[in-house]
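Here is a walk through a two-chain model, strand by strand and helix by helix. Keep the viewer open and follow along.

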Protein chains: 2
Amino acid sequence: MSDLKFKIDAQSESAATTRVKARNFEIIVDEPEALGGTDVAPNPVEYVLASFAGCLNVMGHLVAQEMGFELKNLKMEIEGNLNPAKLFGKSDAERAGYKNITIKLIPETEADDTILEKWMHAVESRCPVSDNLQNITPVTVELENYYMAS
Amino acid sequence: MSDLKFKIDAQSESAATTRVKARNFEIIVDEPEALGGTDVAPNPVEYVLASFAGCLNVMGHLVAQEMGFELKNLKMEIEGNLNPAKLFGKSDAERAGYKNITIKLIPETEADDTILEKWMHAVESRCPVSDNLQNITPVTVELENYYMAS
């Protein structure tokens, strides 16, 4: 299969608010007031969990269909802890991001536990967001001159 | 500093559409029709890029303030390639997620290139989303019985 390319363009609206364009969609990202924002939208690390949920839902239905059982509904609870000390420049003792992410999958189905365990492992290993978080993803950052780019 | 906990609850609306609740906010995740969705919202891997942009914007302003220069505006272009073969169960030859993510930071500022290089490296290393993508993040997945949880 050919590679798929995904792309967003984004622009700061303020020090904590970002307006993102993904194809014909707009995504607003902000921070709660306690983290310096205006609290008009979810924050970056909440969007990470939301993207994980969206990916698990797609994979959950795809894998259920392959395995021949009906997934009537799927609820998900996802949470993570992070220590903001590195973010705020106070300490490098702990990593900047989530130290761990825990997911509860609550599928509505007649499939038995043995089938569901197999389903869960396939969903987790084939989900792109799961892969990008659980394994190292190379990131390249470059600077461009604003006045040349405009 | 104390750990911060972030949490979302999510529910499938269809095989490709997910409704996510993050505090008082709702996030809809879907897929383009070519990937089996109804194309009413960005897809999971686009939200990953959006969360990255939101995080870089927050960090960009915070680090600029610490370094004593004014960041008047920040544009960002972020893209990534992934091969969908593993997702669709066709091949395990390539990873499921983004093979790489490239970011262009376009800051509007009077700061010189030396300052901006230092700024860029601090932003990247202290951004939680950057950390979670570039380094291994432990993920735990568990199953819960739908009828017991309801």
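Which residue in β5(B) is the bridge partner of T140(A)? It is T102(B). Keep in mind throughout that this is a predicted model.

**How the chains swap strands**

That pair belongs to a strand pairing that runs between the chains. Strand β6 (residues 139-143) of chain A lines up with strand β5 (residues 100-108) of chain B in the parallel sense, and 5 bridges hold the pairing. Another bridge to look up here is the one between V141(A) and I103(B), the latter in β5(B).

Zoom out and β6(A) turns out to sit in an open sheet of 6 strands, ordered β3(A)-β2(A)-β1(A)-β4(B)-β5(B)-β6(A), with mixed pairing. The edges are taken by β3 (25-29) and β6 of chain A; each has a single partner strand, so one side of each is left without a neighbour in the sheet. On average, neighbouring strands are turned by 20 degrees against each other, direction ignored. Helix α2 (residues 113-126) of chain B lies across this sheet's β6 of chain A together with β5 of chain B, and runs at about 150 degrees to β6(A).

**The other sheet, in detail**

There is also an open sheet of 6 strands in the order β3(B)-β2(B)-β1(B)-β4(A)-β5(A)-β6(B), and its pairing is mixed too. Here the edge strands are β3 (25-29) and β6 (139-143) of chain B, each of which pairs on one side only. From one strand to the next, the twist averages 20 degrees. Helix α2 (residues 113-126) of chain A packs on this sheet, where it touches β5 of chain A together with β6 of chain B; the helix direction makes about 150 degrees with that of β6(B).

Three of the antiparallel pairings in this sheet are easy to trace, and each has a residue pair to click on:

| Strands paired | Bridges | Example pair |
|---|---|---|
| β4 (residues 73-82) of chain A and β5 (residues 100-108) of chain A | 9 bridges | E77(A) and K104(A) |
| β4(A) and β1 (residues 4-12) of chain B | 8 bridges | M76(A) and A10(B) |
| β1(B) and β2 (residues 18-22) of chain B | 4 bridges | D9(B) and K21(B) |

The β4(A) to β1(B) pairing is where the sheet passes from one chain to the other, with the two strands running antiparallel. Further along, β1(B) and β2(B) are joined by a hairpin through 5 residues.

**Helix against helix**

Now turn to the α1 helices. How do α1(A) and α1(B) run relative to each other, roughly parallel or roughly antiparallel? The axes of α1(A) and helix α1 (residues 44-67) of chain B come within 8 Å and cross at roughly 175 degrees. The two helices are therefore roughly antiparallel to each other.

The meeting residues carry matching numbers on the two sides: P44(A), Y47(A), V48(A), A50(A), S51(A), G54(A), C55(A) and V58(A) in α1(A) meet P44(B), Y47(B), V48(B), A50(B), S51(B), G54(B), C55(B) and V58(B) in α1(B). By class, this contact has 12 nonpolar, 4 polar and no charged residues.

**The whole interface and its symmetry**

How many residues does each chain put into the contact? It takes 92 residues from chain A and 92 residues from chain B. On the chain A side, helix α1 (residues 44-67) gives the largest share, 15 residues. Sorted by class, that side has 50 nonpolar, 22 polar and 20 charged residues.

As for symmetry, a turn of 180 degrees with a shift of 0.0 Å along the axis lays chain A on chain B with an RMSD of 0.0 Å. That is the relation of a two-fold axis. The same surface serves both copies, with 100% of the contact residues of chain A recurring in chain B.

**Within one chain**

Finally, look at chain A alone. It is divided into domain 1 (1-41) and domain 2 (42-136), whose C-alpha centres lie 21 Å apart. Between them, 6 residues of domain 1 are in contact with 4 residues of domain 2. The domain 1 side of that contact divides into 4 nonpolar, no polar and 2 charged residues.

Note on methods:
Residues are numbered from 1 along each chain as its sequence is written. Chains are lettered from A and ligands numbered from 1 in the order in which they are written. This is a predicted model: local features need pLDDT of at least 70, side-chain atom pairs count only at pLDDT 80 or more; totals for chains, interfaces and linings use all residues. Domain bounds come from an automatic or database domain assignment. Two residues are in contact if their C-beta atoms, placed from the backbone, lie within 7 Å. Ala, Val, Leu, Ile, Met, Phe, Trp, Tyr, Cys and Pro count as nonpolar, Asp, Glu, Lys and Arg as charged, and the others, Gly among them, as polar. Two strands pair if DSSP finds at least two bridges between them. Axes are lines fitted to C-alpha atoms, for helices over the stretch in contact, and angles run from 0 to 180 degrees between N-to-C directions. Angles under 35 degrees count as roughly parallel, over 145 as roughly antiparallel, 65 to 115 as roughly perpendicular and the rest as oblique. Copies are superposed by least squares on the C-alpha atoms of residues with pLDDT of at least 70 in both.
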